[in-house]
Structures are given as structure tokens and as C-alpha cells.
Amino acid sequence: MAEYYDPATYPKEWNYLQPGTIIDQYVIERELAHGGFSSVYLARQRDDQIQVAIKEYLPRKLAHRTWNNKVVANDEENLRLFQCGRNLFLEEAKVLATLKHPNIVEVVSFFSANSTVYIVMTYDYGVALDKLIKKKKMKVTLEFLQTVFNALLDGVEMMHQHHFVHLDIKPANILIRPGYNPLLLDFGAVQAFPGGEQKQRSKVISKGFSPVEQCHGETQLIGPWTDLYAVAASIRSCLDAKAPVSAIERIKKDTLVPAVKAHKRKFPDAFLQAIDWAMTIDPANRPQSVQEFRQALQIFNEV
Ligand SMILES: Nc1ncnc2c1ncn2[C@@H]1O[C@H](COP(=O)(O)OP(=O)(O)O)[C@@H](O)[C@H]1O
Ligand SMILES: [Mg+2]
């Protein structure tokens, strides 16, 4: 326990593993991204130089890194939460390691080091969809949306068939690879359904993408339709070039203009109706399976 931890004087270079750091059988090259719960690094396997992405559990509200790279809880109070979170993070890795699909990020291994845990993934070259939208790098055509979301739904469907829901689908967690080939990332909120046990982690809620049953923590109402709301909201955000209004706001007063109205004549009606259907506030009134949603979008798997 580092009782002297003071965020004000904390050395910045301890926030991330420095380039050249050796960890397990990998050398860190650089930081790729960081969020509130983790950091993601580009690294290389020492024996064959193959590049990998490594995700490190580091919930910044609960813990910090010290001079020797060890991650320690900020104080006694946070120690138990940190340890719980660490176990769940490892669970995320184990679940992912069993889900192999071309549109789902591949976990190659996981290990403990520096008093925390690391997930090793295949490194994929691409740009997160939220960045593409923000930079308005490409024209949002029906063909683009079908290419991206048809493939994404394939991956989501496979997960659902294994009785897992992702619960954090959003453009920031969709990596667009060359050829508009999407990769679903970030299984930090993954849960088993039905009746996934209540997990002792802070609820993951992404404003605009998480539906009402998730915001209200009604775990018994969570299922494939919860992910479908998030997928539809992701498609919607491509159309609008911004995140949709949040589910919490929508319950108070639904200001979301239906896609059929907002994007009339720019896209086929059936396609827009399908988006609106999956973004219905009441989970019971949404498509209940990927297959139903796919049919409504009128995008079919090429066999
Ligand atoms: N396997 C990977 N290959 C390439 N980039 C990745 C990979 N995994 C994560 N990233 C990058 O790191 C970012 C954060 O990853 P993510 O798993 O979403 O972590 P967080 O829990 O911090 O949101 C992604 O938006 C992406 O840019
Ligand atoms: Mg993420």
C-alpha cells in the first residue's frame, strides 16, 4: 500500500509502461489508448517480433503504478474493489479466449504481472469507428453501413449463440480495418445471459448507446435486444454524425426524431425502420435476435 500517493505530485511517466519495458515475453512499443479502467499498448513478442496489443488492468480511480511498475491500490478502502475488478478483468479475457470469430478481437493469452493482469490480443490495424465519424473521413453510404454492420452482426450473433451479451457496443469499440472490415473490441462489460449473476463492478454505461434496462440496472431484462439497441444506435450515429440522445433523456421526453423521418429518401425505408425498431425504448418491443434485426435491415449473409 502506498500511503504517500498524491495525484498532484505523481510522476506522469508512471501513468503508462514506457517504450522498451519488458513484460512477460513482450516488449512494449508504445501506448495505443487509455481509458478509466485500462491502458492498451502496442507490443512485440520477443521471440518472433510479431506485434500484439496488450491491455493492462489499471482502474485509475482505484489504483496507480509505482516506480517499479507495480500497480497498487490508492488506499485501503479501494484495495478490495481493485482486487475484485482484477478478477473480473481476467474473466473478460477467459470469455474472449473462447470466442473465436473474424469480427471479434482475438485473445491470444493473458498473464499476471506487476500485481495486475494483462490481456494479449492480436494487433489489428484500423481506425475506431467513432474517429472515422468525427473526422468525416468517408461518405456514409448504404453500402458502407451494410458492409460494416452485416459483418459486425455476424460476430454479435456468434456471441449470443454462446449466451454472452457484450453490453458496450459503440463506435469507439468498433475498429474499422481495411476494406471496411469491422472488429468488435472491449469485452469489459460482457455478461452471461439469461440471469447473468450480478457482478461487483461499476456498471458500464455509454451515453447514447446503452438502452434503458442497462441504465436502470435491470439485469433480468438484459439480453440480445440490449446489444441490438447499441448496434442500431451505432448505425444511427453514423447517419447523424453524433451520438444519439441518451436512453435516460428519452424516457423523460423522447426527442429522438425517428430515422425514417430524419433520413427519409436518403436510405431505404425498411433499413431506417429497422434502426428505429431496434432503438425502441421498451426492450420487449425491439427485435429479439440478430436474425430478426438482420432481416428487418434487409441485409443478408452471403453464404
Ligand atoms: N487488438 C487491438 N488492435 C488494435 N487496436 C486495439 C486493439 N485493442 C484495442 N485497441 C485500441 O485501443 C482502444 C481501447 O481499447 P478498448 O479495448 O476499447 O479499451 P477500453 O476499455 O480502455 O475502452 C481501441 O479504441 C483501439 O483503438
Ligand atoms: Mg473501449
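The following dialogue explains how to read the domains, sheet, ligand shell and a helix pair of a predicted model.

Q: Which conventions apply to this model?

A: Residues are numbered from 1 along each chain as its sequence is written, while chains are lettered from A and ligands numbered from 1 in the order in which they are written. The model is predicted, so local features need pLDDT of at least 70 and side-chain atom pairs count only at pLDDT 80 or more, whereas totals for chains, interfaces and linings use all residues.

Q: Into which domains is the chain divided?

A: Domain bounds come from an automatic or database domain assignment. Here they give domain 1 (12–122) and domain 2 (127–302), whose C-alpha centres lie 27 Å apart. Their contact (C-beta atoms, placed from the backbone, within 7 Å) takes twelve residues from domain 1 and 18 residues from domain 2. On the side of domain 1 that touches domain 2, there are eight nonpolar, three polar and one charged. In this classification Ala, Val, Leu, Ile, Met, Phe, Trp, Tyr, Cys and Pro are nonpolar, Asp, Glu, Lys and Arg charged, and the others, Gly among them, polar.

Q: What is the strand order of the open sheet?

A: Strands of a sheet pair through backbone hydrogen bonds, either parallel or antiparallel. Strands (E, at least two residues) and helices (H or I, at least four) are DSSP runs, numbered from the N terminus, and two strands pair if DSSP finds at least two bridges between them. The six strands here run in the order β1-β2-β3-β4-β8-β7, with antiparallel pairing. Because β1 (22–23) and β7 (107–113) each have a single partner strand, they stand at the edges, and one side of each is left without a neighbour in the sheet. β7 pairs with β8 (residues 116–122) over six bridges; V107 has M121 of β8 as its bridge partner.

Q: Where does ligand 1 lie with respect to the two domains?

A: A residue is near a molecule if its C-beta atom, placed from the backbone, lies within 6 Å of it. Ligand 1 is surrounded by 20 residues, the closest being A33, G35, V40, A53 and D186. Two or more residues come from each of β2 (26–34), β3 (38–45), β4 (51–57) and β8. The shell has twelve nonpolar, five polar and three charged residues. Both domains contribute to the shell, so ligand 1 lies between them.

Q: At what angle do α8 and α9 pack?

A: Axes are lines fitted to C-alpha atoms, for helices over the stretch in contact, and angles run from 0 to 180 degrees between N-to-C directions. Helix α8 (residues 269–278) and helix α9 (residues 290–297) pack at about 150°, with axes 7 Å apart. The contact comprises F271, A274, W277 and A278 of α8 with F293, A296 and L297 of α9; these are seven nonpolar residues, with no polar and no charged.

Methods:
Contact = placed C-beta atoms within 7 Å.
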